[in-house]
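Reader: I would like a close look at one part of this structure, the open space on its surface, and then a walk outward from there to the other local features. Please take the time to connect them residue by residue.

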Amino acid sequence: MATKAQKTSETASKSRTRSAKAKSDAKKPASADTPPALTEDQERHAYREMLLIRRFEEKAGQMYGMGLIGGFCHLYIGQEAVVIGMQMALEEGDQVITGYRDHGHMLACGMDPKGVMAELTGRRGGLSKGKGGSMHMFSREKDFYGGHGIVGAQVSLGNGIAFANRYRKNDRVCLTYFGDGAANQGQVYESFNMASLWKLPVVFVIENNKYAMGTSTQRATAQGDFSQRGASFDIEGEQVDGMDVRAVREAGLRAVERCRKGEGPYILEMITYRYRGHSMSDPAKYRSKEEVQKMRTENDPIERVRVRMIDRGLASEDDLKAVDKEVRGIVGEAAEFAQTDPEPDVSELYTDILR
Amino acid sequence: MPIEVLMPALSPTMEEGTLSKWLKAEGDPVSAGDILAEIETDKATMEVEAVDEGVLGKIMVADGTENVKVNTPIAMILEEGEDKSALDAAAKGDKTPEKSEAKSEDKAEAPKEEASEENGDDDTEKPAGPPLAATPLLKPDDDPEIPDGTEMVKTSVREALRDAMAEEMRRDEAVFVMGEEVAEYQGAYKVTQGLLQEFGDMRVIDTPITEHGFTGLGVGAALTGLKPIVEFMTFNFAMQAMDQIINSAAKTLYMSGGQMGCPIVFRGPNGAAARVAAQHSQDYSAWYSQIPGLKVVMPWTAADAKGLLKAAIRDPNPVVFLENEMLYGQSFDVPKLDDYVLPIGKAKIARPGTDATIVSWGIGMTYAVKAAEALDEMGISAELIDLRTIRPLDIDTVIESVKKTGRCVTVEEGWPICSVSSEIAKQVQEKAFDWLDAPILSITGKDVPMPYAANLEVLAKPSVPELIEAVKAVCYR
Ligand SMILES: Cc1ncc(C[n+]2csc(CCOP(=O)(O)OP(=O)(O)O)c2C)c(N)n1
Ligand SMILES: [Mg+2]
């Protein structure tokens, strides 16, 4: 074990920090230590929020198919538990930054689905007035710093946000999300070094969905345990079952807490999976249908909450149907708005270049 | 009402495709996420997923059909509780099938019309004639008056830059400086001398050698509202950080619809030093000047360095501030004023003249001044314009001068192809063609990597004799 585990907190024993297991298939998270149960409210919240992302993304996919959304459109379907679980670990004022697969993060941050969808369709009511598109949206109000199209760039930027927290002597924490592909970018390690050197309050959330476009992690990475990528920089990390919102939240709470206490950065490798292609135009021929189907049927993050809620008697099928209906309503409204809202005024071409 | 499933566009360029195979049959139940069919786009075979719940009521386009246009209805899904009769009703047109989407034709046209109506402004409708600099800017202010009797203090460019940073750091807690060797070492070129002692290590930050990473960090901090001054040991090394400067710093304001500004200064020595060869001797003024969302400043004198760096630090936008190692030690008069701030985007007439206009900036001004003195003795009166800022370019000041002299020569150390000189020549011929009495000439660095050998290095740079010859040529002398 390369990290200097600080097994101080009572939860540290649960930390699945482990030695590198090179090139192995990503670890199937141990079901032995089941994460703490969520309360009824938390289960309900997680279910609804994840479902909102799922339905939103399905709708976005459909609208892309109709030519209403242009360019690249990267859907988050399958990975919902990651952002929702992490968001449940945050406090007001904590910041989030991610790459281009960002719709889920924005919804999780509480950004208006209408504004997100209208940005996808390039309309004036979009969160970036139609000038950013799917990959580039921001919200000062919700402390969401984008939405970045250059793989890995958000990692350095996230460091800056965390640096600003330290500079201002507040106790906010920045969540910096990036993919398994991005984890091979040089600037990630430049950032790890500075984050550790200066004890920046940043949690690096690596969303390991096993593929970077068409390249599986096995084909792209010499060392397959991303949670240990900080070892040379004295940054501890652990792998988390990113398909289980409870596990994500629990790990997130610990990581965020450490950062808030000034103990410096932490890495959470979320073992997750995207069901759809990399973007809407990816036929995903690099993996088998069975692989996808297996994930969907056995490990779906939303289904897992649904089943739990039914089993625990926290909700009836009808209750959950009603949630679905409510969520579909929100998404439908967003879709409607995103199609009826006008395109940006032509005068917007020359605005927002300089202040 | 039954829900229509439309032929999807599954690539940014797809207009039609082949419906290869249905994976569900009529009567099959479907739920969101189920794969209904496979289609072939212009690029690949793709799966069509269901978005809605229900029963596949009717397949409208059979397996194997080619050239199915995007947005053609290919199937109907019956919602819970509906039966086949709903399909008939839909077919008869009693009820239009529910479409959750507007037709794609609507989206392109309607808003455009609306926009032009609202505007009623001719200019916005004509695609021709966009402003030359993409960013329309308010006219820059003039330099502030220097009150009579103000003491002038001989100051090196190095000290002037340091003073500017120190003054701004005293004034605003959000300003900090970071870079390699800026703190303990007092600056690789001693520009940050004394700052660590005055402001401490939270505001004067030695970074590891990690340009890409620390530039991104600076940009991220700026997005939160801090005002970093990022020093590059030299701008040659900023190529490692180009992505963060351009893709993150310059573009985020636009991409965020005006929400996220980036008040940051990137500064450091730029251009050729002496005998350090190709990788350490490059002028980046033309590179950065191409980027909308950046301001690019390149001062020559100590007074301008001070006034413009203060302005750059206060500017809410990312400013690339190009210094020059050869100028650091040169001294100029700097007015002793509490707060000497100059306008970014304003050129200065460094020396009035009547016969020809010489345009330059930064280190280029050293050639211009020497040439002008020599030309004077030959009876040619050259007007010298120091651009000071390259983006936004104060072309008006250049044009005004050219209208007076009818002749224009530019000089810069950068390479000739797609140079700042090229841009000036283009704009001058566009805006003052009728006033020109001769072609516009440019004296630039030669189109080669900077050589190491002393004699070759001299040849690779512009020279005063070349400039003198060029001015004589446009004056037909
Ligand atoms: C610097 C850079 N290189 C390449 C690309 C093209 N690209 C976009 S996404 C992507 C794959 C990234 O995969 P990963 O980091 O695993 O994230 P995921 O898509 O799985 O969420 C690539 C190569 C890019 N946008 N930026
Ligand atoms: Mg990936």
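Author: In this predicted model, the largest pocket holds about 1,300 Å³ of space. Its lining is made up of 41 residues, and those closest to its centre are A:Arg55, A:Asp324, A:Arg328, B:Ala32 and B:Glu53. Several helices of chain A take part in this lining, since α1 (40–65), α9, α10 (301–311) and α11 (317–340) each supply at least two residues. The largest share is that of α11(A), which contributes nine residues to the lining of the largest pocket. When the lining residues of this pocket are sorted by character, 21 are charged, 12 are nonpolar and eight are polar.

From the open pocket one can turn to the enclosed spaces. The model contains four cavities of 30 Å³ or more, and the largest cavity has about 130 Å³ of space. The largest cavity is lined by 14 residues, of which B:Ser281, B:Asp283, B:Glu413, B:Trp415 and B:Met450 are the closest to its centre. Domain 2 (151–335) and domain 3 (348–474) of chain B each give at least three residues to the lining of the largest cavity. By character, that lining divides into six nonpolar, five polar and three charged residues.

The next stop is the metal site of chain A. The magnesium ion (ligand 2) has three protein donors, namely A:Asp180 through OD, A:Asn209 through OD1 and A:Tyr211 through O, at distances of 2.1 to 2.2 Å. Along the chain, the donors of this magnesium ion follow the spacing D-x28-N-x1-Y. Two of these donors can be described by their accessibility: A:Asn209 has a relative accessibility of 5% and therefore counts as buried, while A:Tyr211, with a relative accessible area of 9%, is likewise buried, because buried here means under 20%.

The aromatic rings come next, and over all chains the count of aromatic pairs is 20. In one of these, A:Tyr189 and A:Phe192 have ring centres 5.2 Å apart and planes at 80°, so the pair is edge-to-face. A:Tyr189 and A:Phe192 lie three residues apart in helix α6 (residues 186–197) of chain A, which means that about one helical turn separates them. An α-helix has 3.6 residues a turn, so residues three or four places apart point the same way. A:Tyr189 and A:Phe192 are both buried.

A second pair brings the magnesium donor A:Tyr211 back into view. The rings of A:Tyr211 and A:Tyr286 have their centres 5.2 Å apart and their planes at 45°, so this pair is tilted. It links distant parts of the chain, for A:Tyr211 sits in strand β4 (residues 211–212) of chain A and A:Tyr286 in the loop between β7 (266–271) and α9 (289–299) of chain A, 75 residues apart. The two partners also have their own accessibility classes: A:Tyr211 is buried, whereas A:Tyr286, at 26% relative accessibility, counts as partly exposed. Helix α9 of chain A, which bounds that loop, is also one of the helices that supply residues to the lining of the largest pocket.

In chain B, ring pairs join B:Phe214, B:Phe232, B:Phe235, B:Phe266, B:Tyr284, B:Trp287 and B:Tyr288 into a cluster. Helix α7 (residues 242–250) of chain B is mostly covered, with eight of its nine residues buried. The buried residues of α7(B) are B:Met242, B:Asp243, B:Gln244, B:Ile245, B:Ile246, B:Ser248, B:Ala249 and B:Ala250.

Three features of the backbone of chain B complete the walk. The peptide bond from B:Arg391 to B:Pro392 is cis, with omega near -5°, and B:Pro392 is placed in the loop between β20 (389–391) and α13 (395–405) of chain B. B:Asn67 is not a glycine, yet has a positive phi of about 50°; B:Asn67 belongs to strand β7 (residues 65–69) of chain B and, with a relative accessible area of 52%, is exposed. B:Tyr476, also not a glycine, has a positive phi of about 55°; B:Tyr476 is found in the segment after α16 (464–474) of chain B and counts as exposed at 55% relative accessibility.

Key
Residues are numbered from 1 along each chain as its sequence is written. Chains are lettered from A and ligands numbered from 1 in the order in which they are written. This is a predicted model: local features need pLDDT of at least 70, side-chain atom pairs count only at pLDDT 80 or more; totals for chains, interfaces and linings use all residues. Side-chain values use heavy atoms; hydrogens and water are left out. Donors are N, O and S atoms within 2.8 Å of the metal (3.2 Å for Na, K and Ca); water is not among the atoms, so sites may look incomplete. Buried means under 20% relative accessible area, exposed over 50%, partly exposed in between (1.4 Å probe, protein chains only). On a 1 Å grid over the protein atoms alone, a cavity is a set of points where a 1.4 Å probe fits but cannot get out, and a pocket is an open set with protein on both sides within 12 Å along at least five of seven lines; lining residues have an atom within 4 Å of a point. Grid points are joined across faces, edges and corners, and a volume is the space filled by probe spheres set on the points. Ala, Val, Leu, Ile, Met, Phe, Trp, Tyr, Cys and Pro count as nonpolar, Asp, Glu, Lys and Arg as charged, and the others, Gly among them, as polar. Domain bounds come from an automatic or database domain assignment. Helices (H or I, at least four residues) and strands (E, at least two) are DSSP runs, numbered from the N terminus. Rings of Phe, Tyr and Trp (its six-membered ring) pair if their centres lie within 6.5 Å; planes under 30 degrees apart count as stacked, over 60 as edge-to-face and the rest as tilted.
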